[in-house]
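Let's take a walk through a protein together. Keep the sequence and the 3D view side by side, and turn the view as you read.

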Amino acid sequence: MVYSTTDLKRPDAGDESRNLPVEQLIRIALERGEGMLSSTGALAVRTGQYTGRSPKDKYIVDEPSIAPHIDWGAVNRPMEPERFDRLYRKALDYMRDRELFIFDGYAGADERHRLPIRVINEFAWHNLFARQLFIRPTEEELGTHRPEFLVIDLPGLKADPRTDGTRSETFICISFERKIVLIGGTEYAGEIKKSVFSVLNYLYPFRGVLPMHCSANVGADGGVALFFGLSGTGKTTLSADPERRLIGDDEHGWSDDGVFNFEGGCYAKCANLSAEKEPQIWNAIRHGAVLENVVLDPATGAADYNDTSLTENTRAAYPVDMIPNAVIPGKAGHPKVILFLTADAFGVLPPIARLTKEQAMYHFLSGYTSKLAGTERGVTEPEATFSACFGSPFLPLRPKVYANMLGEKIDRHNVRVYLVNTGWTGGPYGVGKRMNLAWTRRMVSAAVDGTIEKANFTPDPAFGLLCPDRIEGVPGEILQPRNAWSDKAAYDAAARELVERFAQNFRKFIAR
């Protein structure tokens with residue numbers, strides 16, 4: 001078959017559905033019954049059956065030029081080119097005579113590395129999501145825009161596992177040779193952004209750029225901090241610091257010139273959101289933002305962020321420039337500090353620890369955290385897991401490719417690295433408590449500004465991690481995690497179990 005990134009517009013359409021402004025997309029979405037306005041003017045929508053990503057329904061087309069490089073397995077499932085062709089033809093047939101919406105933009109804030117993309121959507125609100133999350137070109141840039149990758153997003157198109165060879169009706173298929181992403185059978189808009197992230201995670205290492213699942217901010221002195229972590233560990237919350245400027249909340253590249261945001265927007269978790277604890281995110285949820293699966297008061301339209309009856313994975317998508325101190329465009333220098341965020345459901349990791357270079361590489365490859373409820377289909381409570389490079393679901397290449405690049409950059413730029421537990425303390429999930437956000441903010445601030453280094457550091461007996469003995473504003477008893485447990489024997493048993501889990505997981509990297 002012949003593929004082109006320019007031929008897949010609506011077969012009967014002119015330019016009226018291309019690159020529509022925010023106001024028009026909102027109006028169309030409301031007219032079509034796709035959502036309703038909240039009291040702050042955000043477009044509130046529901047994503048139906050699927051309120052999180054479907055990682056088991058993601059495929060990479062097994063093509064000759066890319067096959068030797070892909071880390072095939074449970075994360076990167078192969079799809080035969082013939083099956084992709086069949087789905088592609090079904091997509092063409094499905095799109096015929098339907099109203100579609102087209103967004104032309106970029107992934108990558110650095111002009112030297114950015115990827116021109118085109119997103120075609122069945123839903124107006126999905127197109128609004130893409131417009132707010134990716135980088136929006138100027139009118140002048142639109143005139144010369146030539147997409148190098150195409151994303152076709154058709155929630156109403158469902159696969160037939162018997163004939164299409166998929167696991168279910170849902171599919172997210174990436175063809176690197178054809179430069180096309182096909183998404184169907186799910187209304188969850190996060191699949192759009194994460195599929196492009198997966199594309200960049202393949203392309204960038206070959207160009208000497210390290211792609212990273214992290215947020216980033218920068219201080220008045222130009223010092224950049226990176227926050228690695230899976231969904232729900234605090235990347236967005238902790239990087240939205242009124243004392244620092246936000247570069248981006250989720251996906252970045254690290255080139256020889258510094259760090260740059262992949263996106264033009266933020267995708268924040270909203271469960272239990274409050275103006276007091278997260279004022280920047282709270283104030284960004286206004287006209288032009290998209291609220292996913294957030295319950296509204298039927299009388300006033302006010303969002304109830306404490307109501308997670310639809311899903312724990314409630315979300316807000318908004319342009320990054322809705323954050324008052326955002327860096328536009330999202331570029332800055334080389335990092336001075338890296339923080340690995342983990343939501344430890346065992347409750348045994350220290351709330352903050354300094355890592356040696358060797359420990360940093362170990363914990364980066366391990367990527368330990370807990371999947372939080374709702375972020376993936378079927379996850380209803382925190383599940384301890386290991387996700388290499390804190391982003392395994394989005395990494396087409398072998399983890400050591402990314403880890404080696406990170407290690408080289410840590411050495412070259414003399415970066416300090418810390419592990420931060422935003423999960424549980426005083427006991428495991430169900431017994432202990434989630435780490436106090438105010439304390440975590442103080443610990444992160446101390447790490448970023450360097451004042452943490454004034455403390456004395458003592459090795460944690462279970463993991464050997466160097467824990468500070470004091471941080472201003474943080475109770476001293478929680479800094480050594482064993483001290484926070486009333487049942488010390490229970491802590492010792494839980495710590496031994498997690499140490500063994502780490503060791504068992506890491507054996508797969510030694511074997512390769």
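**From one helix to the whole chain**

Start with helix 6, residues 190-203: at 1.5 Å a residue its 14 residues should span 20 Å, and its end C-alpha atoms are indeed 20 Å apart, so the two values agree. (The expected span is 1.5 Å times one less than the number of residues.) Helix 6 is also mostly covered, as 14 of its 14 residues are buried. Here buried means under 20% relative accessible area, exposed means over 50%, and partly exposed lies in between, using a 1.4 Å probe and protein chains only.

A word on what you are looking at: this is a predicted model, in which local features need pLDDT of at least 70 and side-chain atom pairs count only at pLDDT 80 or more, while totals for chains, interfaces and linings use all residues. Residues are numbered from 1 along each chain as its sequence is written, and side-chain values use heavy atoms, with hydrogens and water left out.

Now zoom out. The protein chain has 12 helices and 30 strands; these are DSSP runs numbered from the N terminus, with helices (H or I) of at least four residues and strands (E) of at least two. Its radius of gyration is 22 Å, close to the 24 Å that the globule rule gives for 512 residues, so the chain is as compact as a globular protein of that length. (This radius is taken over C-alpha atoms, and the rule is 2.2 Å times the number of residues to the power 0.38.) Of the 512 residues, 61% are buried.

Next, find helix 10, residues 399-413, whose 15 residues reach 21 Å from first C-alpha to last, close to the 21 Å expected. Its buried residues include Tyr402, Leu406, Lys409 and Ile410. Just after helix 10, Asn414 takes a positive phi of about 55 degrees.

Lys409 leads us to another residue: which one, in strand 14, does Lys409 contact? That residue is Ser255, in strand 14 (residues 252-255). Ser255 is buried, with a relative accessible area of 2%. Beyond its neighbours within four places in sequence, Ser255 is in contact with Lys409, and also with Asp110, His113, Val209, Phe260 and His334. Contact means heavy atoms within 4.5 Å.

Finish at Leu339, which lies in strand 22 (residues 335-342) and is buried, with a relative accessible area of 0%. Leu339 and Val420 are 81 residues apart along the chain, yet their C-alpha atoms are separated by 6.6 Å. Val420 is one of the contacts of Leu339, and others include Phe227, Tyr418 and Val444.
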